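Welcome! Here is a short guided walk through one protein model. Have the picture ready and follow along at your own pace.

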Amino acid sequence: MLSSVAQTVARHLLDVQAVRLRPADPFTWSSGWKSPIYCDNRVTLAYPQVRTYIKQALADVVREQFPDVQVIAGVATAGIPQGALVADALDLPYCYVRPEPKKHGMGNQIEGRLDNQQKVVVVEDLISTGGSSLKVVEALRQAGAEVIGMIAIFTYGFTIADDNFNQAGVKLVCLSQYDTLVQEAQTLHYIPVDALESLADWRKNPADWGK
């Protein structure tokens, strides 16, 4: 089932240009990495049919993989709307988590209500190395929550992300991934065949690609 979902999500991301592939004219990420791909899943929120499909697919993953969930938590900022949509679909309590506590007001890092020892599933829009997402997991654990898993729309599939999630003891389930996206992009003639090698090389060594 997930394979079919992965293909459909990849196609949706390409159709609404939430993902752009430019092997010949790379993007520059905030980390300084050169990249042939740029993913902004917030674009999907503007398309009701795509938004609804992703919401239902994420909710299905929670039902199947994390049936004991008690609270949905979104990762600020891009995971906030996705998390709220999933919580609504599942009729569950919802909160969201900032990268760090506010420096004014109540100084909250977790917005909403979260009781001690509640079982939480975290919703993220995109997984690269997993570093920022796992900081949210740590904040929830420090608040007394039991994080039973994380779900996301898309992952680049970096080995470092797998290592980080394994080390943190967090089960990660993503709707779609880089390899599927590239395959769909080729099927849709979104990229030329001669760009495939460059795209594959980037995934193997993103930090040094394009230098």
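## Before we start

A residue is called buried when its relative accessible area is under 20%, exposed when that area is over 50%, and partly exposed in between, using a 1.4 Å probe and protein chains only. Ser-128 is a good place to try this out: its relative accessible area is 25%, so Ser-128 counts as partly exposed.

This is a predicted model, in which local features need pLDDT of at least 70 and side-chain atom pairs count only at pLDDT 80 or more, while totals for chains, interfaces and linings use all residues. Residues are numbered from 1 along each chain as its sequence is written, and side-chain values use heavy atoms, with hydrogens and water left out.

## The annotated binding site

Ser-128 also carries a label: UniProt, in an unreviewed entry, places the feature "binding site" there. The full UniProt list for this feature, again from an unreviewed entry, is Arg-98, Lys-102, His-104, Glu-124, Asp-125, Leu-126, Ile-127, Ser-128, Thr-129, Gly-130, Gly-131 and Ser-132. These residues are spread over 35 residues of sequence and are also spread in space, up to 30.1 Å between C-alpha atoms. UniProt positions are given in the numbering used here, feature names are shortened, and annotations may be inferred rather than shown by experiment.

Which of these residues are included in the lining of the largest pocket? They are Arg-98, Glu-124, Asp-125, Leu-126, Ile-127, Ser-128, Thr-129, Gly-130, Gly-131 and Ser-132. On a 1 Å grid over the protein atoms alone, a pocket is an open set of points with protein on both sides within 12 Å along at least five of seven lines, whereas a cavity is a set of points where a 1.4 Å probe fits but cannot get out; lining residues have an atom within 4 Å of a point.

## From strand to loop

Let us follow part of this list along the chain. Ile-127 is found in strand β8 (residues 119–127). Helices (H or I, at least four residues) and strands (E, at least two) are DSSP runs, numbered from the N terminus. Is Ile-127 buried or exposed? With a relative accessible area of 0%, Ile-127 is buried. Not counting residues up to four places away in sequence, Ile-127 touches Ser-133, Met-150, Ala-152, Phe-154, Thr-155, Tyr-156, Ala-161, Phe-165, Leu-172 and Cys-174. Contact here means heavy atoms within 4.5 Å.

Ser-128 lies in the loop between β8 and α4. Leaving aside neighbours within four places in sequence, Ser-128 is in contact with Tyr-156, Phe-158 and Ala-161. Thr-129 has its place in the loop between β8 and α4 (131–142), and is partly exposed at a relative accessible area of 25%. Beyond residues up to four places away in sequence, Thr-129 touches Trp-33, Phe-158, Ile-160, Ala-161 and Asn-164.

## Aromatic rings

Rings of Phe, Tyr and Trp (its six-membered ring) pair if their centres lie within 6.5 Å; planes under 30 degrees apart count as stacked, over 60 as edge-to-face and the rest as tilted. By this rule the count comes to ten aromatic pairs. One of them joins Tyr-156 and Trp-202 edge-to-face, at 5.7 Å centre to centre and 80° between the planes. Tyr-156 lies in the loop between β9 (146–155) and α5 (159–168) and Trp-202 in helix α7 (residues 196–204), so this pair ties together parts that are 46 residues apart in sequence. Both Tyr-156 and Trp-202 are buried.

Phe-158 and Trp-202 have ring centres 5.4 Å apart and planes at 65°, so this pair is edge-to-face. The pair links distant parts of the chain, with Phe-158 in the loop between β9 and α5 and Trp-202 in helix α7, 44 residues apart. Phe-158 is buried at a relative accessible area of 3%, and Trp-202 is buried at 0%. Ring pairs link Trp-29, Trp-33, Phe-154, Tyr-156, Phe-158, Tyr-178 and Trp-202 into a cluster.

## A look at helix α6

In α6, the buried residues include Tyr-178, Thr-180, Leu-181, Val-182, Glu-184 and Ala-185. Glu-184 is found in this helix (residues 178–187) and has a relative accessible area of 8%. Leaving aside neighbours within four places in sequence, Glu-184 is in contact with Gln-7, Ala-10, Arg-11 and Leu-14. Just after α6, His-189 takes a positive phi of about 60°.
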